[in-house]
Structure formats: C-alpha cells, structure tokens
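Subject: Structure handover

Hello,

Here is the structure I said I would pass on. My notes on what was found in it follow directly below.

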Amino acid sequence: MDVTGLADPYVKIYLLYNGQRIAKKKTHVKKRTLSPVFNESFAFDIPAAEGAGASLEGVSLELMLLDWDRVTKNEVIGRLELGGPNSSSTALNHWNEVCNSPRRQIAEWHKLNE
C-alpha cells in the first residue's frame with residue numbers, strides 16, 4: 001500500500017507453455033483501493049500440441065497482483081500459478097476442473113503466494 005494507506009492494484013496474467021512465458025495480458029488499474037474487483041475476461045491462443053486436438057497439456061497460467069506506482073517500480077503483492085508444477089492443491093484442483101470442462105467458466109477463490 002502507498003503512503004496514503006491505499007493501493008492501485010492490477011493483475012498481470014502470463015500464459016506459460018512448457019514453463020516458458022509465451023503471452024501476457026493485464027487488467028485495468030483499480031485506483032486507491034484495498035479491495036479491488038477485477039471483472040474482466042481474457043482469451044489466449046493456445047499452441048496446438050503435436051498430434052493432439054485442443055489439449056491443455058504443458059499449459060499453465062501465472063497470475064501476479066501488483067501495486068501500480070508512478071514513481072517507483074510496481075510492487076508484487078502476490079502471485080498464483082494455475083496448472084504447472086508450482087500449483088498448490090486448490091489451484092491444481094481448479095486447473096483440473098477447467099481442463100475437464102472446456103469452454104465453461106469456473107470461478108474459484110485462491111490465496112495468493114508472496
């Protein structure tokens with residue numbers, strides 16, 4: 001949080017394929033709040049695996065919550081990985097549910113890691 005006691009948070013979303021960042025998107029900055037709501041959707045083009053149809057094998061998402069700052073470097077507040085080897089149990093369960101229900105929106109709350 002800033003000296004005012006508030007933050008200017010936004011989220012960066014990275015698409016990872018076999019551990020490599022291949023695309024990124026970000027939300028709008030929510031000015032002067034400690035309780036942001038990001039009701040935004042994003043679409044990524046997923047690379048096609050050799051000999052497979054629409055598979056999410058090797059694909060994961062990294063989400064980073066940052067505090068935007070005009071003067072200094074934007075500070076990372078927390079992060080989360082969905083899919084991939086660094087997923088926690090709830091994130092992994094969410095990712096598996098997404099993989100088993102293509103094109104269906106699945107909402108879940110997650111605790112961020114530092």
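Arg 21 has a relative accessible area of 45%, which makes it partly exposed. The model is a predicted one, and this residue is a convenient place to start reading it. Arg 21 forms a salt bridge with Glu 62, and their closest N and O atoms are 2.9 Å apart. Because Arg 21 lies in strand E2 and Glu 62 in strand E3, the pair ties together parts that are 41 residues apart in sequence.

Is Glu 62 buried or exposed? Glu 62 counts as buried, at 10% relative accessibility, since the cut-off for buried is under 20%. Glu 62 also takes part in a salt bridge with Arg 79, again with the closest N and O atoms 2.9 Å apart. Here the pair ties together parts that are 17 residues apart in sequence, because Arg 79 lies in strand E4 and Glu 62 in strand E3. Arg 79 is partly exposed, at 29% relative accessibility.

How many salt bridges does a search of the whole structure find? It finds 3. Besides the two pairs above, the side chains of Glu 97 and Arg 104 meet in a salt bridge, at 3.9 Å from N to O. Both residues are partly exposed: Glu 97 has 34% relative accessibility, and Arg 104 has a relative accessible area of 49%. Arg 21, Glu 62 and Arg 79 are joined into one network by salt bridges that share partners.

Next, the strands. E1 is largely enclosed by the rest of the structure, because 8 of its 9 residues are buried. E1 pairs with E3 in the antiparallel sense, through 9 bridges. E1 also pairs with strand E2, residues 20-26, over 6 bridges, and this pairing is antiparallel too. Tyr 17 appears in both pairings: Tyr 17 stands opposite Val 59 in E3 and opposite Gln 20 in E2. E1 and E2 form a hairpin with 2 residues between them. Asn 18, in the turn of that hairpin, has a positive phi of about 50 degrees.

Last, the largest pocket. Its volume is about 2,000 Å³. The elements that give two or more residues to its lining are strand E1 (9-17), strand E3 (59-67), strand E4 (75-82) and helix H1 (89-100). Which element gives the largest share of the lining? That is E3, with 5 residues.

The lining of the largest pocket consists of 39 residues. Those that lie nearest the centre of the pocket are Leu 61, Leu 63, Leu 82, His 94 and Ile 106. By residue type, the lining divides into 27 nonpolar, 8 polar and 4 charged residues.

To place these notes on the model, begin with E3. Glu 62 of E3 forms salt bridges with Arg 21 and with Arg 79, E3 is joined to E1 by 9 bridges, and E3 gives 5 residues to the lining of the largest pocket.

Regards

How values were computed:
Residues numbered from 1 in each chain as written. Predicted model: local features only at pLDDT ≥ 70, side-chain atom pairs only at ≥ 80, totals over all residues. Heavy atoms only, no water. 1 Å grid on protein atoms, 1.4 Å probe; cavity = no way out; pocket = protein on both sides within 12 Å on 5 of 7 lines; lining within 4 Å. Points joined across faces, edges and corners; volume = space filled by probe spheres on them. Helix = DSSP H or I, 4+ residues; strand = E, 2+ residues; numbered from the N terminus. Nonpolar A, V, L, I, M, F, W, Y, C, P; charged D, E, K, R; others polar. Buried < 20%, exposed > 50% of the residue type's maximum accessible area, 1.4 Å probe, protein only. Pairing = 2+ DSSP bridges. Salt bridge = Lys/Arg side-chain N within 4 Å of Asp/Glu carboxyl O.
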